[in-house]
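Let's walk through this one together, going from a ligand site to a metal site and then to how two of the chains relate. Have the coordinates open as you read.

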Protein chains: 8
Amino acid sequence: LRQGFAEVVFCQGKTVEQVLAIMNRLAEYNRSILATRATREMYEAVRSAVPDAQYHELARLITVERQKPAVDNERFILVMSAGTSDIPVAEEAAITAEIMGNEVKRVYDVGVAGIHRLLGQRQLIEQANVLVVVAGMEGALASVVGGMAAKPVIAVPTSIGYGANFGGLAALLSMLNSCAAGVGVVNIDNGFGAGRLASIINHMR
Amino acid sequence: LRQGFAEVVFCQGKTVEQVLAIMNRLAEYNRSILATRATREMYEAVRSAVPDAQYHELARLITVERQKPAVDNERFILVMSAGTSDIPVAEEAAITAEIMGNEVKRVYDVGVAGIHRLLGQRQLIEQANVLVVVAGMEGALASVVGGMAAKPVIAVPTSIGYGANFGGLAALLSMLNSCAAGVGVVNIDNGFGAGRLASIINHMR
Amino acid sequence: LRQGFAEVVFCQGKTVEQVLAIMNRLAEYNRSILATRATREMYEAVRSAVPDAQYHELARLITVERQKPAVDNERFILVMSAGTSDIPVAEEAAITAEIMGNEVKRVYDVGVAGIHRLLGQRQLIEQANVLVVVAGMEGALASVVGGMAAKPVIAVPTSIGYGANFGGLAALLSMLNSCAAGVGVVNIDNGFGAGRLASIINHMR
Amino acid sequence: LRQGFAEVVFCQGKTVEQVLAIMNRLAEYNRSILATRATREMYEAVRSAVPDAQYHELARLITVERQKPAVDNERFILVMSAGTSDIPVAEEAAITAEIMGNEVKRVYDVGVAGIHRLLGQRQLIEQANVLVVVAGMEGALASVVGGMAAKPVIAVPTSIGYGANFGGLAALLSMLNSCAAGVGVVNIDNGFGAGRLASIINHMR
Amino acid sequence: LRQGFAEVVFCQGKTVEQVLAIMNRLAEYNRSILATRATREMYEAVRSAVPDAQYHELARLITVERQKPAVDNERFILVMSAGTSDIPVAEEAAITAEIMGNEVKRVYDVGVAGIHRLLGQRQLIEQANVLVVVAGMEGALASVVGGMAAKPVIAVPTSIGYGANFGGLAALLSMLNSCAAGVGVVNIDNGFGAGRLASIINHMR
Amino acid sequence: LRQGFAEVVFCQGKTVEQVLAIMNRLAEYNRSILATRATREMYEAVRSAVPDAQYHELARLITVERQKPAVDNERFILVMSAGTSDIPVAEEAAITAEIMGNEVKRVYDVGVAGIHRLLGQRQLIEQANVLVVVAGMEGALASVVGGMAAKPVIAVPTSIGYGANFGGLAALLSMLNSCAAGVGVVNIDNGFGAGRLASIINHMR
Amino acid sequence: LRQGFAEVVFCQGKTVEQVLAIMNRLAEYNRSILATRATREMYEAVRSAVPDAQYHELARLITVERQKPAVDNERFILVMSAGTSDIPVAEEAAITAEIMGNEVKRVYDVGVAGIHRLLGQRQLIEQANVLVVVAGMEGALASVVGGMAAKPVIAVPTSIGYGANFGGLAALLSMLNSCAAGVGVVNIDNGFGAGRLASIINHMR
Amino acid sequence: LRQGFAEVVFCQGKTVEQVLAIMNRLAEYNRSILATRATREMYEAVRSAVPDAQYHELARLITVERQKPAVDNERFILVMSAGTSDIPVAEEAAITAEIMGNEVKRVYDVGVAGIHRLLGQRQLIEQANVLVVVAGMEGALASVVGGMAAKPVIAVPTSIGYGANFGGLAALLSMLNSCAAGVGVVNIDNGFGAGRLASIINHMR
Ligand SMILES: Nc1ncnc2c1ncn2[C@@H]1O[C@H](COP(=O)(O)O)[C@@H](O)[C@H]1O
Ligand SMILES: Nc1ncnc2c1ncn2[C@@H]1O[C@H](COP(=O)(O)O)[C@@H](O)[C@H]1O
Ligand SMILES: Nc1ncnc2c1ncn2[C@@H]1O[C@H](COP(=O)(O)O)[C@@H](O)[C@H]1O
Ligand SMILES: Nc1ncnc2c1ncn2[C@@H]1O[C@H](COP(=O)(O)O)[C@@H](O)[C@H]1O
Ligand SMILES: [Mg+2]
Ligand SMILES: [Mg+2]
Ligand SMILES: [Mg+2]
Ligand SMILES: [Mg+2]
Ligand SMILES: [Mg+2]
Ligand SMILES: [Mg+2]
Ligand SMILES: [Mg+2]
Ligand SMILES: [Mg+2]
């Protein structure tokens with residue numbers, strides 16, 4: 001278990017049987033397992049075989065965590081979301097980072113159209129060691145946070161929104177155009193990838 | 001002359017001769033004329049026939065203004081740009097609004113990656129009667145300003161930038177996704193359209 | 001309550017429980033509330049707790065309106081739609097403007113392919129103080145109306161149509177190309193944003 | 001020579017020598033030749049060998065016409081353009097139709113943002129046997145004309161414009177969405193194709 | 001009833017009740033009615049009120065035809081489809097043309113990958129007065145037929161296919177690039193528009 | 001030298017000096033060298049150091065061939081182009097295949113809009129061991145040839161054309177949709193890749 | 001039966017009845033039949049009439065194989081997939097190749113992010129006579145395998161993935177950019193086309 | 001000077017005079033300055049006023065570095081490029097990181113189509129503290145390196161290439177799809193942003 005890294009299963013596109021079989025096998029030898037994009041049905045199947053598995057409905061994650069990794073509480077990852085509907089992806093990032101041995105704080109629903117709510121979080125933003133910014137309709141948030149934080153920002157565009165957001169493309173492009181501010185971008189809706197990258201960075205000494 | 005509206009000529013795609021002929025004809029009966037996307041060469045030709053024509057290099061505008069329209073100084077239009085390279089489009093909007101009889105104030109180079117510079121302009125933003133926000137790499141600016149201002153915001157994406165800005169598409173999509181904040185969007189690089197729409201709104205009583 | 005502006009809830013991506021909780025809280029202290037993109041199921045839940053809530057099926061809006069805002073009947077907003085199937089988005093704009101304290105008139109089903117029906121509405125178009133043009137397959141309508149009206153036009157592309165409309169992209173691009181005519185564009189299907197921007201402009205003095 | 005159809009050469013992507021050789025060969029046996037997308041340099045080369053060749057600067061066409069085809073003056077093709085900068089493509093269509101034995105009338109610069117200028121041409125529009133509508137920034141024109149005319153309309157999007165016209169894409173999509181009104185669309189900037197299709201239709205009995 | 005043109009209703013995006021009401025009203029005064037994109041449910045409702053209405057399942061059309069229009073059997077429209085799955089759109093075009101008073105012949109399932117089957121239809125292709133070519137995965141068919149026929153070809157891209165056809169975009173672009181061969185293109189899946197344009201052309205004298 | 005494969009240099013994006021240095025080094029130990037996308041200026045520099053280097057203007061290739069590879073004349077590769085302007089890319093493929101030890105035949109300018117010229121080449125098409133089809137405005141050609149040939153077809157879209165060809169995208173999509181006919185596609189304008197893949201296949205025993 | 005080629009039916013977009021009728025007719029005279037994109041329901045219908053038909057659930061194929069074609073076991077086709085969810089498309093390719101008379105080996109789940117698992121298959125990659133590489137999220141795999149193998153590689157992008165894979169577009173573009181390495185690309189999700197092209201190449205002598 | 005961070009000027013879209021004025025002003029009070037996207041002409045102007053300014057031709061950077069920042073040689077940033085033509089962007093990243101106080105190593109021209117050259121660098125890849133991967137035609141490289149390295153990878157797509165790379169879009173999408181492997185992506189051609197983000201991460205303790 002390197003730096004609190006769990007074994008990871010990507011459930012989308014797999015059958016319940018496939019997920020069950022993989023989890024079963026992993027559960028024999030691993031202290032921590034993470035299964036992403038898991039349905040509740042998959043979880044029900046897994047739980048009967050791996051009783052200590054837990055389900056995180058919103059984040060669509062199954063976790064098995066048999067021994068808490070040592071966590072450095074001084075260095076926390078701050079996960080932020082612009083809208084309420086971006087929270088599932090934000091939670092995927094947050095829980096991923098937690099199971100990989102990080103202290104995580106959350107600040108949700110701080111869109112830039114209400115800049116004062118965001119500024120109200122300035123202290124947390126400045127204290128965070130790594131930041132994850134999740135947004136679908138307000139890719140702008142990554143630029144603003146990137147400008148406020150001196151630490152690395154991982155931006156996650158989401159497919160949430162309608163019309164000219166084109167499945168997350170608008171947020172993606174918006175975030176890429178703010179890279180000068182210390183921002184790196186991951187795939188649309190890829191909360192897991194963001195959480196993992198944030199964790200890698202947060203473990204650097 | 002309705003509400004200070006000038007006659008307008010769109011020079012792009014016209015020959016120097018065509019521009020000259022049109023300007024010449026308009027100059028006979030109009031108190032104010034505006035020619036957009038004009039080259040210096042076009043201006044040189046026009047000036048020989050219409051000596052009171054003026055050229056605005058940065059904004060690529062030729063103007064003829066024989067009688068200043070009455071201007072209500074209480075109600076000003078605020079034209080903002082995110083970057084230095086967005087200024088030509090911003091100037092196109094500003095001068096368009098001025099020749100149509102508006103008081104215009106300018107705040108340039110206030111990108112969201114440096115949010116404090118923007119917040120430093122809060123008072124102007126709150127006092128403005130109409131706002132024009134011009135940005136190529138930071139479409140985000142429209143959302144933030146839209147959230148700060150209670151008055152209408154006209155957003156102008158520009159084609160300035162590189163890479164994933166895709167000729168202004170990134171800024172355009174970013175601005176469209178912030179419409180909830182009282183923002184209306186015009187075509188990429190369309191400073192003229194923004195200035196004119198701002199002027200129409202600024203003349204409402 | 002500034003200028004008849006209601007509190008606004010965006011229901012899409014929220015659970016019935018979340019919507020109920022927010023509406024409940026808002027209903028304690030607000031004279032007018034607007035919930036957009038609300039399903040009938042959400043409304044049923046809200047009504048049991050907030051009995052004076054109303055549902056606008058077509059527009060997918062829940063409204064609470066305890067005290068009619070003062071309305072200036074002289075200055076009306078004209079909401080126009082090109083096709084019958086654009087009416088839901090048009091209604092979202094119209095009712096949003098009404099609850100924000102505006103007189104609203106509606107002219108639906110006036111596509112440009114039958115230009116004479118549109119010309120038959122010339123008088124209304126010229127009298128309106130602000131215009132909202134909603135169209136999915138005939139983005140052209142915004143250009144034509146923009147040319148007929150001296151007042152600001154808010155154009156709303158809709159995702160209605162098929163084939164090469166590409167989810168509203170065709171209407172969006174078409175509308176953006178007509179910005180010279182005093183037209184500002186909002187996001188695809190964003191009736192709410194259009195209604196709100198129209199209201200802001202209509203309250204200008 | 002079927003129905004006044006000329007031999008046609010597509011010059012773009014050919015060298016001056018290649019164009020000269022082809023024109024020379026064709027000039028031996030043909031009464032009428034049309035070369036599209038020809039530069040003046042190509043014309044100069046051709047003229048030395050084929051002295052009766054003519055150059056149409058705006059339309060970038062070289063024509064050789066040794067015997068006027070019989071033309072039915074009762075049935076004319078109406079070529080319309082929305083903007084001044086669309087005229088080159090419109091001329092390509094018009095001259096193509098003329099050399100193929102058609103009476104052609106032209107109505108240029110009748111954009112929909114000034115609907116009254118367009119309506120002033122109603123009689124011509126109703127009398128025309130086939131219509132060609134050329135537009136870059138106002139694809140809308142095809143819809144409006146399609147609605148006014150009972151005869152077939154050939155729509156030609158042009159790449160003229162800027163910003164969100166995306167090289168003619170906006171006009172193309174806009175025109176495709178108006179097909180119900182008796183409109184068929186050809187490739188962006190394809191004046192030749194439109195002129196030829198109009199000619200084929202105009203010769204139908 | 002001009003040239004056998006029926007009244008036309010576009011059902012998509014309308015409720016069963018709306019369709020019923022419109023059809024009922026039209027049925028009082030019209031000899032022929034066409035309703036496109038109609039579901040069977042809509043038809044059941046209409047039939048109870050308009051007993052002579054007929055349903056064309058594949059083409060999703062409701063027709064009322066009280067008096068056969070005079071048809072010129074010498075001049076037929078040839079409707080061709082590349083694949084079996086393009087037939088619904090082809091039928092929409094064919095039946096539209098029939099109710100508008102045209103003789104229609106059909107040649108389906110003649111893709112270009114089996115060029116000999118297509119060449120086997122050469123005689124019909126040369127005899128047809130107008131041709132409609134419908135294809136989703138083989139936009140190529142329009143080019144080939146355009147080259148074989150001296151008469152106008154209306155090309156209809158369909159959204160049928162998968163992968164890189166991108167909802168009909170591949171077929172659309174492919175067809176637009178063949179415009180030199182006397183081809184005009186209508187919107188993706190717009191069988192109705194193609195049938196109507198073909199009918200207009202077929203009635204020319 | 002495996003199967004006549006030459007060392008390959010990609011010159012685009014390299015300076016004249018870089019190309020010279022690489023060619024010089026390769027020329028010491030290799031019997032055959034191929035440099036693609038080379039300008040004449042690069043060739044002039046190379047020739048002074050490597051006197052037996054040759055330049056193929058149209059194909060933009062520099063070749064050094066010190067010992068003709070053994071060629072099986074029974075199995076030839078047929079390189080076809082739809083238009084005259086596609087010939088440079090076709091030549092890149094043809095010469096690449098030749099220097100890699102293949103017999104190559106060429107059939108150029110056989111677009112599908114003139115299907116009979118193409119059918120006139122039926123015998124060659126049936127005899128070829130591998131086929132390369134190069135087309136910009138008539139991606140359709142790949143489908144038709146794919147249907148006529150029983151052997152593998154390598155399709156090369158080119159960026160030649162205008163309007164809705166979108167830099168080769170139209171041809172690319174068109175070719176991808178014909179894969180059932182035994183067609184594999186390479187990148188837009190990648191004559192080299194096509195020639196090399198054709199050579200690999202042609203050497204199979 | 002040329003080189004083990006089966007008759008092929010494309011079931012998508014056909015009704016169960018149509019599939020049944022076609023299969024019934026083909027089953028009378030053919031030794032081997034392949035039906036692609038078939039649902040289980042289609043298979044149930046076919047089996048009652050053609051009892052020796054078999055269903056391949058994952059690959060969505062119905063096969064009838066009455067006489068095994070002679071297979072050259074020395075020359076095998078290697079079908080590789082990057083992810084587990086790409087296996088259905090990979091199986092479509094593999095079974096297509098088998099029924100066309102080829103020895104097929106499979107290596108699944110060898111993404112490039114775990115390059116060592118891929119390198120572990122080096123021997124198979126070097127021994128294969130033709131390779132099929134199937135990938136949705138890791139189009140990169142085609143480049144890497146193309147670099148390792150001296151034999152032709154057929155790349156199949158899949159629509160599997162999320163976010164910025166845009167329905168397979170990302171994998172498609174990625175694969176096209178690796179064509180220099182001896183790679184030809186087929187349509188997104190077109191396992192059948194890849195299997196057939198691989199078979200054609202594998203039968204070359 | 002925080003962590004060796006220099007003042008940064010973005011020269012693109014600025015005039016020589018503007019760049020000179022800014023540099024002059026910054027040179028008074030700063031120990032290190034970085035100007036990106038600078039032309040040689042800009043440098044010549046700057047040098048006359050700021051004699052210790054240096055120009056990095058390939059990277060298009062002007063640097064002023066008056067006091068070397070303390071550098072931790074144990075923790076180096078590894079900058080990798082897939083192709084020779086990607087080197088300018090790679091150098092922009094490398095020099096940016098150096099002036100911000102980092103030890104930088106370079107490994108250029110290690111595309112995945114020659115996987116063994118890449119594997120030959122395995123030790124450096126495993127020792128690096130942060131990695132920057134720059135690629136235009138082989139976005140694949142980011143996935144492979146991401147899989148080999150346990151440390152954070154910053155991926156920079158470049159606009160280098162042709163055809164279906166679509167100005168860097170292909171590389172961008174390819175890189176985004178590999179985010180699971182600990183990869184964050186910056187804008188196309190944004191070497192500066194990558195170098196800066198890498199530096200921020202490399203300074204974490
Ligand atoms: N239909 C809509 N489209 C876009 N924005 C909306 C819409 N409805 C409400 N909003 C915005 O969303 C905000 C409320 O979001 P929330 O807090 O998630 O309910 C409001 O202040 C509005 O600015
Ligand atoms: N401007 C044009 N756009 C599209 N196709 C054209 C154009 N001009 C000529 N063509 C077509 O190109 C063919 C001649 O091509 P070529 O043999 O290369 O000169 C003619 O038969 C026309 O069908
Ligand atoms: N025109 C071309 N298009 C794509 N790839 C090419 C081309 N020419 C050469 N290549 C590839 O580029 C490699 C050489 O690249 P370089 O080392 O940069 O010269 C060769 O091995 C070929 O695989
Ligand atoms: N090559 C670049 N790409 C993107 N952003 C840059 C680049 N170079 C500098 N910047 C950013 O642009 C800001 C300076 O912009 P300006 O004030 O216009 O010179 C710097 O603080 C950087 O964050
Ligand atoms: Mg920062
Ligand atoms: Mg606001
Ligand atoms: Mg107006
Ligand atoms: Mg009409
Ligand atoms: Mg033809
Ligand atoms: Mg074949
Ligand atoms: Mg290879
Ligand atoms: Mg890694």
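How far is a nitrogen atom of ligand 2 from an N or O atom in the side chain of Tyr162(F)? The separation is 2.3 Å. Keep in mind, as you look at that number, that this is a predicted model.

Stay with ligand 2 for a moment. Thr36(D) also points an N or O atom of its side chain at a nitrogen atom of the ligand, this time at 2.6 Å. Phe10(D) joins in through its backbone instead: one of its backbone N or O atoms sits 2.9 Å from an oxygen atom of ligand 2. As for cover, ligand 2 on its own would expose 500 Å², and the protein buries 74% of that.

Now zoom out to the shell. There are 13 residues around ligand 2, and those that come nearest are Phe10(D), Lys14(D), Thr36(D), Phe192(D) and Tyr162(F). The surrounding residues come from chains D, E and F, so this is a site shared between chains. If you prefer to think in secondary structure, two elements of chain D give two or more residues each to the shell: β1 (7-10) and α8 (191-202). Of the elements, β1(D) gives the most, with three residues.

Next, hop over to the magnesium ion, ligand 9. What does the protein offer it? The donors are the O atoms of Gly146(E), Ala149(E) and Ala181(E), which lie 2.1 to 2.6 Å from the ion. Along the sequence, these donor residues follow the spacing G-x2-A-x31-A. Are the donors Gly146(E) and Ala149(E) buried or exposed? Gly146(E) has a relative accessible area of 4%, so it counts as buried. Ala149(E) comes in at 10%, which is under the 20% cut-off, so this residue is buried as well.

Finally, turn to chains C and D. What rotation superposes chain C on chain D? A turn of 180° does it, with 0.0 Å of shift along the axis and an RMSD of 0.0 Å. That combination is the relation of a two-fold axis. The two copies also use the same surface, since 100% of the contact residues of chain C recur in chain D. To find the axis on screen, head for Ala140(C): its C-alpha is 2.2 Å from the axis, and no other residue of chain C comes closer.

Terms used: Residues numbered from 1 in each chain as written. Chains lettered and ligands numbered in written order. Predicted model: local features only at pLDDT ≥ 70, side-chain atom pairs only at ≥ 80, totals over all residues. Heavy atoms only, no water. Least-squares fit on C-alpha atoms with pLDDT ≥ 70 in both. Contact = heavy atoms within 4.5 Å. Donors = N, O, S within 2.8 Å, 3.2 Å for Na, K, Ca; no water. Buried < 20%, exposed > 50% of the residue type's maximum accessible area, 1.4 Å probe, protein only. Near = heavy atom within 4 Å. Polar contact = N/O pair within 3.5 Å; in protein donor to acceptor, adjacent residues only side chain to side chain. Areas by Shrake-Rupley, 256 points an atom, 1.4 Å probe, with all protein chains shown as cover. Helix = DSSP H or I, 4+ residues; strand = E, 2+ residues; numbered from the N terminus.
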